[in-house]
Amino acid sequence: MRRTTLAAASVLVLTTGCGAADMTKQASPFADARGAKTLTLSVQSWVGAQSNVAVAQYLLEHKLGYRVDTVQVDEVPAWDALSQGRVDAILEDWGHPDQEKRYVEEKKTISRAGELGVTGHIGWFVPTYLVKQHPDITDWKNLNRYASLFRTAESGGKGQLLDGSPSYVTNDKALVSNLKLDYQVVFAGSEAAQITQIKQFAKERKPFLTYWYAPQWLFKKVPMTEVKLPAYKEGCDADAAKVACGYPHTPLRKYLNADFARTGGRAAAFLKKFRWTTEDQDQVSLMIADRKLSPQEAAKKWVDSHPAVWKEWLSPGPDPAGSTGAGR
């Protein structure tokens with residue numbers, strides 16, 4: 001659901017060792033290259049996904065001798081690209097059951113590759129400094145009482161709910177409508193633009209209500225508290241127009257092209273074993289997004305300081321996802 005919730009953002013400019021291409025314009029020349037030690041990783045537009053790819057790419061290139069290409073693909077189109085072999089792996093998916101049913105279960109062109117080790121969660125957040133002034137603001141039932149605090153020039157006299165990119169497939173507009181909230185969803189345009197706005201609000205100690213998600217390095221810079229929406233229950237978001245519940249906690253998962261999963265050798269085995277923690281991902285994300293290191297520099301720093309973690313990904317042993325990547 002991220003994107004069921006995070007479906008693609010207005011893309012960040014991603015710099016990787018071999019460059020990042022826009023998948024809507026071209027396919028990687030290295031994807032599905034028979035007999036060559038090359039592979040292609042899909043990069044989603046949020047920094048956590050970029051961190052996964054940066055570390056995987058660094059290890060594949062420097063420890064296993066592969067050439068790795070990266071392409072930037074929106075979340076849902078990435079499934080089609082993976083199915084066709086235009087990319088070989090997606091390392092962070094937030095849950096797309098329709099795509100999974102179509103490509104994994106019916107067409108069998110994509111294989112599950114196990115969990116990433118990180119649990120994702122989307123929600124609505126307010127700055128913690130605001131909660132200290134108004135403790136009851138963390139219950140959605142009280143949001144209308146505070147709508148005037150969140151008005152902006154863009155929200156048309158209503159409270160502003162700040163979202164990221166219009167291309168994120170969120171439930172926020174439906175939630176505002178179905179919960180009868182006096183709010184307007186306003187899109188920042190991208191994750192980077194949303195971060196800029198949040199940091200500016202925080203610098204000025206202004207109130208804000210925002211769609212946001214964990215894991216995310218920004219929590220270390222701007223402490224935020226989640227607003228409790230109606231509890232998520234399985235199936236409560238099945239009808240996008242009628243959603244009146246919060247977002248689930250989602251174990252993030254990896255997927256491989258089915259042919260690559262079978263014939264990808266050490267690279268496929270490595271990607272199936274790639275599993276790290278929220279803290280690991282946040283460390284790399286913070287270096288990229290806040291300290292402005294290149295993805296390669298951030299990946300190298302993490303790799304140099306965590307040999308015990310990544311050496312397990314390179315070691316021979318049982319495939320944690322099963323021979324075809326079967327997971328849940």
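Let's start at Asp 304, which is partly exposed with a relative accessibility of 49%. This residue forms a salt bridge with Lys 300, and their closest N and O atoms sit 2.8 Å apart. Keep in mind that we're looking at a predicted model. From here we'll go through the charged pairs, the nonpolar cores, two packed helices, one two-sided helix and some backbone oddities.

**Salt bridges**

- Asp 304 and its partner Lys 300 are both part of helix H10 (residues 295-305), where they are 4 residues apart, or about one turn of the helix.
- Here's the general idea behind that spacing: an α-helix has 3.6 residues a turn, so residues three or four places apart point the same way.
- Lys 300 is partly exposed too, at 40% relative accessibility.
- Elsewhere, salt bridges with shared partners tie Glu 100, Glu 105 and Arg 112 together into one network.
- Helix H7 (residues 258-263) holds another pair, Asp 259 and Arg 262, which lie 3 residues apart, again about one turn of the helix.
- The closest N and O atoms of Asp 259 and Arg 262 are 2.4 Å apart in their salt bridge.
- Asp 259 is partly exposed at 38% relative accessibility, whereas Arg 262 reaches 56% and counts as exposed.
- Glu 204 and Lys 206 make a salt bridge as well, with 3.0 Å between the closest N and O atoms.
- Both ends of that pair are partly exposed: Lys 206 has a relative accessibility of 39%, and Glu 204 has 38%.
- How many salt bridges does a search of the whole structure find? The search turns up 11.

**Nonpolar cores**

- In soluble globular proteins, nonpolar side chains tend to be buried together.
- The largest nonpolar core in this model contains 87 residues, and those with the most contacts inside it are Leu 41, Val 55, Leu 60, Trp 124, Phe 270 and Leu 271.
- Which helix gives the most to this core? That's helix H1 (residues 47-62), which puts in 9 residues.
- Another core, of 12 residues, lies apart from the largest one, and its members include Ala 81, Leu 82, Ile 90 and Tyr 255.
- Now zoom in on Leu 271: setting aside its neighbours within four places in sequence, its contacts include Leu 39, Leu 41, Ala 56 and Leu 60.
- Leu 271 is also in contact with Ala 89, Leu 91, Lys 254, Leu 256 and Phe 260.

**Where H1 meets H10**

- The axes of H1 and H10 come within 9 Å and cross at roughly 70°.
- Angles from 65 to 115 degrees count as roughly perpendicular, so that is how H1 and H10 are described.
- On the H1 side, the residues that meet H10 are Gln 50, Ala 54, Val 55, Tyr 58 and Leu 59.
- On the H10 side, you'll find Pro 295, Gln 296, Ala 299, Lys 300, Trp 302 and Val 303.
- Two of these names should ring a bell: Val 55 is among the residues with the most contacts inside the largest core, and Lys 300 is the salt-bridge partner of Asp 304.

**The two sides of H3**

- Which residues of helix H3 (residues 97-106) are buried? They are Gln 99, Glu 100, Tyr 103 and Val 104.
- Why are these buried residues on the same side of H3? Because they cover an arc of only 100° around the axis.
- Pro 97, Asp 98 and Glu 106 are exposed on the other side of H3.
- The buried residues of H3 pack against helix H2 (75-84), strand S5 (110-127) and strand S10 (249-257).

**Backbone oddities**

- Lys 108 comes just after H3, in the loop between H3 and S5.
- Phi of Lys 108 is near 60°, which is a positive value in a residue other than glycine.
- Lys 108 counts as exposed, at 55% relative accessibility.
- Arg 205 also has a positive phi, near 55°, and isn't a glycine either.
- You can find Arg 205 in the loop between helix H6 (191-203) and S8, where its 57% relative accessibility makes it exposed.
- Finally, the peptide bond from Ala 214 to Pro 215 is cis, with omega near 5°.
- Pro 215 belongs to the loop between strand S8 (209-214) and strand S9 (224-227).

Notes: Residues numbered from 1 in each chain as written. Predicted model: local features only at pLDDT ≥ 70, side-chain atom pairs only at ≥ 80, totals over all residues. Heavy atoms only, no water. Core = buried A, V, L, I, M, F, W, Y, C linked by side-chain atoms within 4.5 Å. Buried < 20%, exposed > 50% of the residue type's maximum accessible area, 1.4 Å probe, protein only. Helix = DSSP H or I, 4+ residues; strand = E, 2+ residues; numbered from the N terminus. Contact = heavy atoms within 4.5 Å. Salt bridge = Lys/Arg side-chain N within 4 Å of Asp/Glu carboxyl O. Arc of directions from axis to C-beta. Axes fitted to C-alpha atoms, helices over the stretch in contact; angles between N-to-C directions. Parallel < 35°, antiparallel > 145°, perpendicular 65-115°, else oblique.
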